[in-house]
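Me: I would like to go through the fold of this chain step by step. Please keep the answers short.

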Amino acid sequence: MQPHLDIPVREPSQVGEARRAAARLAAEVALNEVDAGRLALVVTELGTNLARHASQGRILLGCHSLGGQQGVDVLSLDEGPGMADVGQCLRDGYTTGGTPGTGLGAVQRLADEFSVFSQPGQGSVIVARVMRRTPAGAPGGAPPAFEVGAVCLPAPGETVSGDGWALATDGDRAGVVVVDGLGHGPQAAEASDAALAVFRGANGRSPSDTLTLAHGAMRSTRGAAMAMARLDASAGTLVFSGAGNIAGRIISGVGDRSLMSQHGTVGLQIRRLQDMHYAWPAAAALVLHSDGLVTRWDVSSAPGLLQCHPLAIAGWLVRHHVRGRDDATVVVVRRR
C-alpha cells in the first residue's frame, strides 16, 4: 500500500492542493467522472471546514482496495473546537459560520462510508471513503467480511515510507501484515517490499511460516520488524506471530489484550517463531502498528471511539500518538 498524502489545510488556498491530489488518486484507482466528482466535492467540503473552523487541520488521502472494491480514503484531522453534538452538525441548515450549513451532511451523502468522532475542545476526526461504483450506483465487488482502516505516513522529509502493510481476504478469513524496515527511506522501503511480496505469495500459510519464509527472502536487505495475524471471522479467533517492535492489541469496550511478539529482526536474526492463538470477540478491533506510534496509548479518554469506523480509530491514534520522527503505520481491522 502506498503511504498516505498528508496535506496541511490551514488556509483556503490549501483546499485546492488537497483537491488536486485527490484527483490524481482518483485516476490511479480508475474512478469514473461521476465518482471522481463526488470525491472532489468531499475533499472541498472537508477542506473548507478545516480552513474556516479548525486548528492544525490536515487531510490525509490514500487509495483503498479490498475484496474487489476500489476507491479513495479521505481523512480530516484537526485540533479545533470539536463538536458537542455531531448529529446536529450533520443536519442540513446547521451552521456556526454564516454558511448554508450543508457541508458535513453533504459529505455523508456523497461518501460510500462515513464516520465522525469529535470531542469538544479536542478536535475531530472525519472519515469519508469514496468507492468506484457500478453503473447501477453501488460499490463494485462483494462486500468484504471485514472493515479495515489504515494510515501509513513516511518519516518527516521522506517521500517513501519504510513501513508497509497489506491485507488479503478469503471470504470470512483474512491475513494482515505490518512491516517496519530498519531505519527509513528507500532502503527501508526495499526491506518492507520484500516482506510484503512473501506475504502475498504465502498461500494461506500460518503467520510463523510466513515470517520464516520472509526471513530467508530478506537476507539481502537491511531487515525489518514484522508481524502477521490470520483472522477467522466465523470462529472468532486469530493467530499471530511477530518479530521486532510491531505492536498488536485486541481492544473493545470491555477488554484490551496485547499480542505476544518476540525479539529479533526478520532478514537478520530471529529465534524460532511461534504462532500464538487468541480469541477475537465479536465487537473487538485488532490494532497493529509500527513503532512510529507510542506503545502505551489508551482509548479510555475517547469514549465512543471504538464504535466508529476503523479508519476513524486509526486517524485518532495517528493524531494523538505519532512520535513524529519516524515512519508510522497503524492498521485497524474489525468484523463487519
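Me: In what order do the five strands form the open sheet?
Reply: This is a predicted model. The sheet is open and has antiparallel pairing. Its edge strands, each pairing on one side only, are strand 1 (5–8) and strand 4 (113–119). Neighbouring strands are turned by 15° against each other on average, direction ignored. The order of the five strands is 1-2-3-5-4.

Me: Which helix packs on the sheet?
Reply: The helix in question touches strand 3 (69–77), strand 4 and strand 5 (123–131). Its direction makes about 140° with that of strand 5. The helix is helix 7, residues 310–321.

Me: Which residue in strand 2 is the bridge partner of Pro8?
Reply: Strand 1 and strand 2 (residues 58–66) run antiparallel, and four bridges join them. The partner of Pro8 in strand 2 is Arg58.

Me: How far apart are the end C-alpha atoms of helix 1, and why does that agree with its number of residues?
Reply: Helix 1 (residues 13–28) has 16 residues. At 1.5 Å a residue these should span 22 Å, so the end-to-end distance in the model agrees. That distance is 24 Å.

Me: What covers the buried residues of helix 1?
Reply: Buried here means under 20% relative accessible area. In helix 1, the residues that meet this include Val15, Ala18, Ala22 and Leu25. The cover over the buried residues includes strand 1, helix 2 (33–53), strand 2 and strand 3.

Me: Which residue just after helix 1 takes a positive phi?
Reply: The phi in question is about 60°. The residue is Ala30.

Notes. Residues are numbered from 1 along each chain as its sequence is written. This is a predicted model: local features need pLDDT of at least 70, side-chain atom pairs count only at pLDDT 80 or more; totals for chains, interfaces and linings use all residues. Side-chain values use heavy atoms; hydrogens and water are left out. Two strands pair if DSSP finds at least two bridges between them. Helices (H or I, at least four residues) and strands (E, at least two) are DSSP runs, numbered from the N terminus. Axes are lines fitted to C-alpha atoms, for helices over the stretch in contact, and angles run from 0 to 180 degrees between N-to-C directions. Contact means heavy atoms within 4.5 Å. The expected span of a helix is 1.5 Å times one less than its number of residues. Buried means under 20% relative accessible area, exposed over 50%, partly exposed in between (1.4 Å probe, protein chains only).
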